[in-house]
There are 2 protein chains.
Amino acid sequence: MNGYHAHAEATDLAALAGLLADDTRASFCLALLDGRAWTATELARHAGVAASTATGHLNLLVAGGLLAEERQGRHRYVRLANAGTAELIESLACLVPPSSSGRTAPRSLSAASRRQAMARARTCYDHLAGALGVSIADAMTERGLLDWDQGLALTPSGASWLARLDITLPPAARRLPVRSCLDWTERRPHLAGSAGAALCAHAFSAGWITRIGSGRAVMLTDAGRSALHRHLGIPREPG
Amino acid sequence: MNGYHAHAEATDLAALAGLLADDTRASFCLALLDGRAWTATELARHAGVAASTATGHLNLLVAGGLLAEERQGRHRYVRLANAGTAELIESLACLVPPSSSGRTAPRSLSAASRRQAMARARTCYDHLAGALGVSIADAMTERGLLDWDQGLALTPSGASWLARLDITLPPAARRLPVRSCLDWTERRPHLAGSAGAALCAHAFSAGWITRIGSGRAVMLTDAGRSALHRHLGIPREPG
DNA sequence: CGGATACTTCGGCGGGCACCGAAGTTTCCG
DNA sequence: CGGAAACTTCGGTGCCCGCCGAAGTATCCG
């Protein structure tokens, strides 16, 4: 490659991309975008492959630094290595050509309702997405808590709003406090970054939302509905 | 894949990643990160493959939406499709594990000087990188033109500073005005986004910098050195 | 018009890799 | 202690894909 003085850059980049260039491994990573740790068997079942096949793929992904693993007894728990990895997968997913695989309509009623639940509210790695995530970002913008004019930023009143909710951001680390993440059902941005993560964690612990089943979909509780109405003026039926 | 109700998401993501999962195609994309249009032959020569091989790869990349092509007579010019593509490749390159392929020291004198020139100043898609790009970002931060506290943003004085240079940003479009891009030689962020691009374009048109040869490396001119000293207080020998 | 150049198409070759099932190891639990 | 469950290792199979060179087409230029 690269004729005479190989940067070896291209090989590295290709190797990294190659980790995501397999249906099964991509399926693993998308599943792990829910931010939780899955066992090898769960992932194998989810992707529809044999356990031995999953083992091989997990070895590759862990060795490549995309996944972190944690052994507990006979279980191998695996999760995305860090926020950077999640952001990479997200940006890749956002760049998928919309017309590629004709967005097949769901076949069964249960599949339809599951999809609907996902579109309504779900987690995206460690923050909120779906109609709920977008409406939160919209409401925060409208109330002057977020500023999109020159790059996404948290305004002073946004910072104090978070503080009023007892949400403290981790000390300005490598990760940006606020980041925009394109929602692939809404095609509009929602709130990511450490503030988005903290807000999502708060929503769980305060009982605003709960998981539906084992997937990424979440449900807005009654308490959550009134909290969002109170704190952000979001109408009772956000979708 | 995915057992019963295939999201078909995983397949799409894998297909997109697969476009970058080949040494030759990755080499093409990294070369195109200089933001210019290359001919098929140039890319083939750069990657060290036969012309027929390059044709096949270019077909894939164009069909996949990563590259845009423009035919002129017997030439096939190809460039990165958009800024989003460039950002994807950048973020992929930034996530490459540092220790992967032992950063081989250059063999020849000319290779060493070429690498040195790249480290000093180069283009990164449509903005400036290398020690020059990093020192510009640092100087802008120090003078209060950029604000990193809550996400990267251009301050009011930063906006008027740009205006004083006759740099007008495109109307707030999809692309963020300022974005941080991790520099892989300096391991520190430099300025990307539409403001970074506009600044880079201005630097070219004002004669602050010129291309060295056919690569991504650029050279700071005397005029550029004094302009940067005047406008940003950057010392004469930025490295 | 005729040679040179840029690109494309095609056939064939070779290697890598994703898959599975069977057998083995470790851990859990009754 | 013994069975079940989670995971791993190993061998074998088949397919996909990247590569090349030769021949074909389009374009440029003298």
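Which atom of Arg76(B) lies 2.9 Å from a phosphate oxygen of DNA strand C? A backbone N or O atom does. That pair is a good way into this predicted model, where local features need pLDDT of at least 70, side-chain atom pairs count only at pLDDT 80 or more, and totals for chains, interfaces and linings use all residues. For bookkeeping, residues are numbered from 1 along each chain as its sequence is written, chains are lettered from A and ligands numbered from 1 in the order in which they are written, and side-chain values use heavy atoms, with hydrogens and water left out.

**DNA strand C**

Let's stay with this strand. Helix H2 (23-32) and H4 of chain A, along with helix H3 (40-47), H4 and strand S3 (75-80) of chain B, each give two or more residues to the surface near it. Here helices (H or I, at least four residues) and strands (E, at least two) are DSSP runs, numbered from the N terminus. "Near" is a matter of having a heavy atom within 4 Å of the molecule or strand. There are 20 residues around DNA strand C, and Thr24(A), His57(A), Thr41(B), Thr55(B) and Arg74(B) come nearest. By class, they split into 4 nonpolar, 10 polar and 6 charged. For the classes, Ala, Val, Leu, Ile, Met, Phe, Trp, Tyr, Cys and Pro are nonpolar, Asp, Glu, Lys and Arg are charged, and the others, Gly among them, are polar. Of the atoms of DNA strand C within 4 Å of the protein, 78% are sugar or phosphate and the rest belong to bases.

**DNA strand D**

Over on DNA strand D, 20 residues sit around the strand, with Thr41(A), Thr55(A), Thr24(B), Thr53(B) and His57(B) nearest. Helix H3 (40-47), helix H4 (51-63) and strand S3 (75-80) of chain A, plus helix H2 (23-32) and helix H4 (51-63) of chain B, supply at least two residues each. This surface has 4 nonpolar, 10 polar and 6 charged residues. Sugar or phosphate accounts for 80% of the strand D atoms within 4 Å of the protein, and bases for the rest.

Here are some polar contacts (pairs of N or O atoms within 3.5 Å) for both strands:

| Residue | Protein atom | DNA atom | Distance |
|---|---|---|---|
| Arg71(B) | side-chain N or O | phosphate oxygen, strand C | 3.0 Å |
| Arg74(B) | polar side-chain atom | base oxygen, strand C | 2.9 Å |
| Arg74(A) | polar backbone atom | sugar or linking oxygen, strand D | 3.1 Å |
| Arg25(B) | polar side-chain atom | phosphate oxygen, strand D | 3.0 Å |
| His57(B) | polar side-chain atom | phosphate oxygen, strand D | 2.3 Å |

**Between the protein chains**

Now for the helix pairs. The axes of helix H1 (residues 9-19) of chain A and helix H5 (residues 83-94) of chain B come within 9 Å and cross at roughly 100°. H1(A) and H5(B) are therefore roughly perpendicular (65 to 115 degrees). Leu13(A), Leu16(A) and Ala17(A) make the contact (heavy atoms within 4.5 Å) with Ile89(B), Leu92(B) and Ala93(B). By class, that contact has 6 nonpolar, no polar and no charged residues.

Helix H5 (residues 83-94) of chain A and helix H1 (residues 9-19) of chain B also have axes that come within 9 Å and cross at roughly 100°. That makes H5(A) roughly perpendicular to H1(B). Ile89(A), Leu92(A) and Ala93(A) meet Leu13(B), Leu16(B) and Ala17(B), and the contact has 6 nonpolar, no polar and no charged residues.

**Chain A**

Chain A has 10 helices and 11 strands. Of its 239 residues, 46% count as buried (under 20% relative accessible area, 1.4 Å probe, protein chains only).

Notes. A polar contact is a pair of N or O atoms within 3.5 Å; within protein, one must be able to donate a hydrogen and the other to accept it, and residues adjacent in sequence count only if both atoms are side-chain atoms. Axes are lines fitted to C-alpha atoms, for helices over the stretch in contact, and angles run from 0 to 180 degrees between N-to-C directions. Angles under 35 degrees count as roughly parallel, over 145 as roughly antiparallel, 65 to 115 as roughly perpendicular and the rest as oblique. Buried means under 20% relative accessible area, exposed over 50%, partly exposed in between (1.4 Å probe, protein chains only).
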